Amino acid sequence: MFSRDALAYDPIPLPDHVDLDDAEARAAAQAFFDVMAQRHTVRDYDTTPIPRDIIETCIKTAGRAPSGANHQPWSFAAISNPDLKARIRAEAEEEERRFYDGGAGDEWIKALEPIGTNDHKPHLTDAPWLIVVFAQRYGEFEDGTRYKNYYVPESVGIACGFLIAALHHAGLSVLTHTPNPMKFLKGTLNRPASEKPIMILAVGKARADAQVPAVAKIKKPLEEILTVWE
Ligand code: IYR
């Protein structure tokens, strides 16, 4: 997407300038907190299809994340095809069996106990969409020569945050799933050598009888996550 010619700095006036007064900003901050505080990681999905355009708009939002040198080092695969979802589930479960059968080590398995996870991943076929996020370790010009990307994990992490927030805002539930290792996704989804799978998001509506682990409601209080110097 980048051309080697368009490298000059060309400042333009800030588009979409926002100027809220303090009261408006306070109300907006609180309203967004209230929305995001209702986000829960969900493993029990309703199989009802979700229209593709909603997923596309949320991925466009992810694409508005800031990134190192604006290189946007991410790509997304959105999968509703039942056969492909089944294949990804089978491959992920195979990795997870190894993980839970000892690959993870005792400390990791103990840390996961209150979350209640195991190698059974029905959400990967129940959820109407899987979104696989890839990081581009380097970019390529049209002639095939490579350019470096910068702050790739940070940039892709921010894009994932935007995506999860966008999906939640659209009334959809998400599970961030990271089979370990997940290299198989590269072959299954036919990605170029530059791309590394980062996570699978299972996306859809939570089932009416969906459950979450009680421990998920325990969030660190502000005093524990913030220090202020005024
Ligand atoms: N990938 C495994 C294990 C797992 C690891 C962490 I860290 C979690 O927060 C949850 C699960 C799995 O998906 O079961």
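Where is the place of Val228? In this predicted model, Val228 lies in the segment after helix H8 (222-225).

**View 1. Nonpolar surface patch with Val228.** Leu222, Ile225, Leu226 and Val228 make a nonpolar patch of about 400 Å² on the surface. Val228 has a relative accessible area of 57%. It counts as exposed because this value is over the 50% cut-off.

**View 2. Buried side of helix H2.** Helix H2 comprises residues 52-62, and Ile55, Cys58, Ile59 and Ala62 are buried in this helix. They lie on the same side of H2, because they cover an arc of only 100° around the axis. In an α-helix there are 3.6 residues a turn, so residues three or four places apart point the same way. The cover over the buried residues of H2 includes strand S1 (74-79), strand S2 (129-136), helix H6 (152-169) and strand S6 (195-204).

**View 3. Helix H6 and its packing partners.** The buried residues of H6 include Val152, Val156, Cys160, Leu163, Ile164 and Leu167; Ser155 and His168 are also among them. Packed against the buried residues of H6 are helix H1 (22-36), H2, S1, S2, strand S5 (173-177) and S6.

**View 4. Length of H6 and the residue that follows.** H6 has 18 residues, which at 1.5 Å a residue should span 26 Å. The C-alpha atoms at its ends are 25 Å apart, in agreement with that expected span. Gly171, just after H6, takes a positive phi of about 80°.

Technical notes. Residues numbered from 1 in each chain as written. Predicted model: local features only at pLDDT ≥ 70, side-chain atom pairs only at ≥ 80, totals over all residues. Heavy atoms only, no water. Patch = residues over 30% accessible without salt bridge, like charges linked within 9 Å, V, L, I, M, F, W, Y side chains within 5 Å. Areas by Shrake-Rupley, 256 points an atom, 1.4 Å probe, with all protein chains shown as cover. Salt bridge = Lys/Arg side-chain N within 4 Å of Asp/Glu carboxyl O. Helix = DSSP H or I, 4+ residues; strand = E, 2+ residues; numbered from the N terminus. Buried < 20%, exposed > 50% of the residue type's maximum accessible area, 1.4 Å probe, protein only. Arc of directions from axis to C-beta. Contact = heavy atoms within 4.5 Å. Expected span 1.5 Å × (residues − 1).
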